[in-house]
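Thank you all for making time this morning. I would like to walk you through one protein model, and I will go slowly for those who have not seen it before.

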Amino acid sequence: MKPNPKNRNQAYFRHHRKRVIQRKKRLSAQWGWVIKFDAAFSKGKIHCSCWMCSEKTKRLGYPKSELSRIANCEEQLLDYDF
């Protein structure tokens, strides 16, 4: 729970936690997953293969900083004398 709740009571947070758990249960049922307790869905993410849920890297590729780091590592491997 947030340290400084503004005009939101415990029922508000309970409602949204329940809503998120129901959504994740529905997705897991589509995939045929069996989860013993509903609370397992309260945290963490459930991903599907749609464009909104897929990893950003899969859709857009690596960021420029990561590409330069990869290129630098490959260059160091080529320059290394065995």
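**The two sides of helix 1**

Let me start with helix 1, where the buried residues are Ile21, Lys24, Leu27 and Ser28. These four cover an arc of only 120 degrees around the axis, and therefore they sit on the same side of helix 1. If you turn to the other side of helix 1, you find Lys18, Arg26, Ala29 and Gln30, which are exposed. I should say at once that this is a predicted model, so please hear everything that follows as a description of that prediction.

As for its dimensions, helix 1 has 22 residues and spans 32 Å from the first C-alpha to the last, which is close to the 32 Å expected at 1.5 Å a residue.

Stepping back for a moment, the protein has three helices and zero strands, and along the sequence this reads as α-α-α. Of the 82 residues in the protein, 10% are buried, while the accessible surface comes to about 8,000 Å², with 54% of that belonging to carbon and sulfur atoms.

**Ser28 and what it touches**

Let me return to one of those buried residues, Ser28, which is found in helix 1, that is, in residues 10-31. Why does Ser28 count as buried? Its relative accessibility is 5%, and the cut-off for calling a residue buried is under 20%. Which residues is Ser28 in contact with, once we leave aside its neighbours within four places in sequence? They are Trp33 and Phe41.

Trp33 lies in the loop between helix 1 and helix 2, and with a relative accessibility of 44% Trp33 counts as partly exposed. Trp33 also belongs to a nonpolar patch on the surface, which it forms with Trp31 and Ile35, and the accessible area of the three together is about 290 Å². While we are in this part of the chain, please also look at Gly32, which follows helix 1 and has a positive phi, near 85 degrees.

**Two salt bridges**

How many salt bridges does a search of the whole structure find? The search finds two, and I will take them in turn.

In one of them, the side chains of Lys25 and Asp38 meet, with a distance of 3.2 Å from N to O. This pair links distant parts of the chain, since Lys25 is in helix 1 and Asp38 is in the loop between helix 1 and helix 2 (56-60), 13 residues apart. Lys25, at 33% relative accessibility, counts as partly exposed, and Asp38, at 40%, counts as partly exposed too.

The other salt bridge is formed by Arg69 with Glu66, and here the closest N and O atoms are 3.5 Å apart. Because Arg69 and Glu66 are three residues apart in helix 3, which covers residues 64-79, about one helical turn separates them. As for their surroundings, Arg69 is exposed, with a relative accessible area of 53%, whereas Glu66 counts as partly exposed at 27% relative accessibility.

To close, let me bring you back to the place where we began: helix 1 carries its buried residues on the same side, and one of them, Ser28, is in contact with Trp33 and Phe41, while Lys25, also in helix 1, is paired with Asp38 in the loop that follows.

Note on methods. Residues are numbered from 1 along each chain as its sequence is written. This is a predicted model: local features need pLDDT of at least 70, side-chain atom pairs count only at pLDDT 80 or more; totals for chains, interfaces and linings use all residues. Side-chain values use heavy atoms; hydrogens and water are left out. Helices (H or I, at least four residues) and strands (E, at least two) are DSSP runs, numbered from the N terminus. Buried means under 20% relative accessible area, exposed over 50%, partly exposed in between (1.4 Å probe, protein chains only). Accessible areas come from the Shrake-Rupley method with a 1.4 Å probe; for residues, only the protein chains shown count as cover. Contact means heavy atoms within 4.5 Å. A salt bridge is a side-chain nitrogen of Lys or Arg within 4 Å of a carboxyl oxygen of Asp or Glu. The expected span of a helix is 1.5 Å times one less than its number of residues. The arc is that of the directions from the helix axis to the C-beta atoms. Patches are made of residues with over 30% relative accessible area and no salt bridge: like charges are joined within 9 Å, nonpolar side chains (Val, Leu, Ile, Met, Phe, Trp, Tyr) within 5 Å.
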